[in-house]
Amino acid sequence: HFAMGLLARTRLVLCCMVVLLGWSALARYDNPLGGPRLARLRHKAGDPQLPAGGRTVVLNSGGARALRCARSAHARVRAAKRPVQPNDDQLWYVHYKGPTTQQIRESLEHALHGRKLGAYIAHDTFLVFAPETAITQLRSVAHVLWVEAVRPEHKISVELTEHLCSPSSRPALRFADTFANSTDAADRVSMHVLVSDPTDGDLAHRLERHWSEVLGETAEVRRASDAKLMVHVPRTHLREAVAWVAAQPEAQWLEPKEKMKLRNKYSKFLLQSRVQDKTPFFDKGIRGAGQIVAIGDTGIDTKLCFFYDPDHQVPWDTVSHDHRKIVTYKTRDFGDQVDGEGHGSHTTGSMAASALCATPSACSQSEMSQYNGMAPDAKIAFTDLHRGNTLDVPDDLNADYFPWPYNAGARARSDSWGGSSNFYTV
């Protein structure tokens with residue numbers, strides 16, 4: 001009986017240890033997408049470095065694993081770090097008691113003496129780029145539960161971590177498509193790097209110059225916009241470059257840049273009813289009249305009857321509401337005014353094709369009208385992204401892609417291309 005009781009107690013202790021260890025891991029790293037979490041039960045999880053209180057903050061980063069895989073660069077990272085002074089700008093998590101309201105935003109910005117809040121992170125967290133002297137007052141705001149400096153390992157995406165942790169002789173297995181799509185013919189990995197303060201219009205320029213000097217032949221650094229830098233790194237130097245960039249306070253987020261692929265499989269029947277020839281939206285008169293839809297793709301065959309206007313020229317690189325279908329067709333910087341691939345005409349047709357007919361009654365009898373798009377009465381603001389055999393997507397969509405059609409009046413958009421990532425990307 002004594003032996004059986006001792007064995008039972010031993011099993012119970014072991015089970016408790018497993019549960020406690022599992023709870024600690026759950027509290028710190030239970031992100032179904034693979035990244036770490038800053039948990040509200042930090043102290044109970046046994047990590048005194050992490051503050052307690054509030055909701056879980058989910059990060060889609062590689063966490064400590066990313067820096068462990070970049071261990072060959074640790075000496076370079078230590079050399080890059082400088083002692084942080086109270087007046088040095090740093091990146092901070094500011095976690096508050098939600099929900100997020102305008103009053104909370106205003107109280108936080110007031111405590112920051114006019115500095116703007118940065119990106120929002122689920123749950124109830126803003127990023128702030130400011131010196132510790134400015135953060136001191138922020139800690140006393142009633143809604144604020146904790147403020148914590150962002151660590152370098154929290155800036156490295158899960159997919160970039162897979163690059164770091166894969167032997168240089170073979171691609172990452174978990175995100176093989178992403179790995180292949182972000183590696184060029186010269187075996188260089190391309191990275192997006194978000195800067196910590198995009199409101200500083202000169203910061204990206206300064207970083208471009210400084211990082212190029214420091215990294216030298218290790219990486220090519222290019223400014224994409226005020227908010228983003230592109231860093232191209234030979235895979236043999238990837239660990240060193242990523243570890244160094246992540247250690248810079250001006251860097252907010254690092255992820256691989258993918259080559260985009262054409263993607264589209266939908267039609268008006270599938271979206272409206274899943275039954276062929278059944279269009280309940282059209283039956284209710286919902287056909288897109290008065291709307292402008294933005295689309296970016298390989299081009300449009302503007303001579304097709306679905307887009308052709310015999311009375312008006314296509315507004316190339318300008319805006320005009322005279323054309324019956326196309327408000328603007330932007331080719332500058334990216335496209336070539338033709339759809340040699342055919343995908344753009346297909347996707348734009350899926351969205352807003354409208355067969356040209358002599359009269360409305362003729363349209364109802366037209367065989368071509370059965371191929372009209374989901375919003376046949378809408379007009380199109382198109383961006384040509386295809387030149388030759390290359391889908392040339394801007395490095396910063398917010399700066400160089402979305403504004404043109406929006407300023408032309410588009411308030412809905414459709415894009416049928418993308419990478420292989422399963423995450424929200426920058």
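**Exercise 1. Identify which residue of β5 is the bridge partner of Asp-89, and describe how the strands concerned are paired.**

Solution.
Step 1. The bridge partner of Asp-89 in β5 is Pro-131. The structure is a predicted model.
Step 2. The strand that contains Asp-89 is β3, residues 89-96. Strands β3 and β5 run antiparallel and are joined by seven bridges.
Step 3. Strand β5 also pairs with β4, again in the antiparallel sense, over two bridges. Within this pairing, Ile-121 stands opposite Thr-125 of β5.
Step 4. Three residues lie between the strands in the hairpin of β4 and β5, and Asp-124 adopts a positive phi near 55° there.

**Exercise 2. Determine how many residues of strand β5 are buried, and assign them to the two sides of the strand.**

Solution.
Step 1. A residue counts as buried if its relative accessible area is under 20%. By this criterion, seven of the seven residues of β5 (125-131) are buried.
Step 2. One side carries Thr-125, Leu-127, Phe-129 and Pro-131, all buried.
Step 3. Phe-126, Val-128 and Ala-130 occupy the other side and are likewise buried, so that both faces of the strand are covered.
Step 4. For the chain as a whole, buried residues make up 45% of the 426 residues.

**Exercise 3. Establish whether Asp-89 and Arg-115 are buried, partly exposed or exposed, and locate the salt bridge between them in the chain.**

Solution.
Step 1. The criterion for a salt bridge is a side-chain nitrogen of Lys or Arg within 4 Å of a carboxyl oxygen of Asp or Glu. The closest N and O atoms of Asp-89 and Arg-115 are 3.4 Å apart, and the two residues form a salt bridge.
Step 2. The pair links distant parts of the chain, 26 residues apart: Asp-89 belongs to β3, whereas Arg-115 lies in the loop between α4 (102-111) and β4 (120-121).
Step 3. The partly exposed class runs between the 20% and 50% limits. Asp-89 falls into this class because its relative accessibility is 27%. Arg-115 does so because its value is 30%.

**Exercise 4. For the salt bridge of Arg-287 with Asp-377, state which parts of the chain the pair ties together and how accessible each partner is.**

Solution.
Step 1. Arg-287 and Asp-377 form a salt bridge in which the closest N and O atoms are 3.2 Å apart.
Step 2. Arg-287 is in the loop between α11 (280-283) and β12 (292-297), and Asp-377 is in the loop between α13 (360-365) and β14 (379-384); the pair therefore ties together parts that are 90 residues apart in sequence.
Step 3. Arg-287 is partly exposed at 28% relative accessible area, and Asp-377 is partly exposed at 36%.

**Exercise 5. State how many salt bridges the structure holds, and describe further examples.**

Solution.
Step 1. The structure holds nine salt bridges.
Step 2. One of them joins the side chains of Arg-223 and Asp-226, with an N to O distance of 2.7 Å. Arg-223 is partly exposed at 27%, as is Asp-226 at 30%.
Step 3. Asp-200, Asp-202 and Arg-206 are linked in a network of salt bridges.

**Exercise 6. Characterise the chain by its secondary structure, contacts and accessible surface.**

Solution.
Step 1. The chain comprises 15 helices and 18 strands.
Step 2. Among contacts with a separation of 6 or more, 71% are between residues 24 or more positions apart.
Step 3. The accessible surface is about 22100 Å², and 54% of this area belongs to carbon and sulfur atoms.

Conventions
Residues numbered from 1 in each chain as written. Predicted model: local features only at pLDDT ≥ 70, side-chain atom pairs only at ≥ 80, totals over all residues. Heavy atoms only, no water. Helix = DSSP H or I, 4+ residues; strand = E, 2+ residues; numbered from the N terminus. Buried < 20%, exposed > 50% of the residue type's maximum accessible area, 1.4 Å probe, protein only. Contact = heavy atoms within 4.5 Å. Areas by Shrake-Rupley, 256 points an atom, 1.4 Å probe, with all protein chains shown as cover. Pairing = 2+ DSSP bridges.
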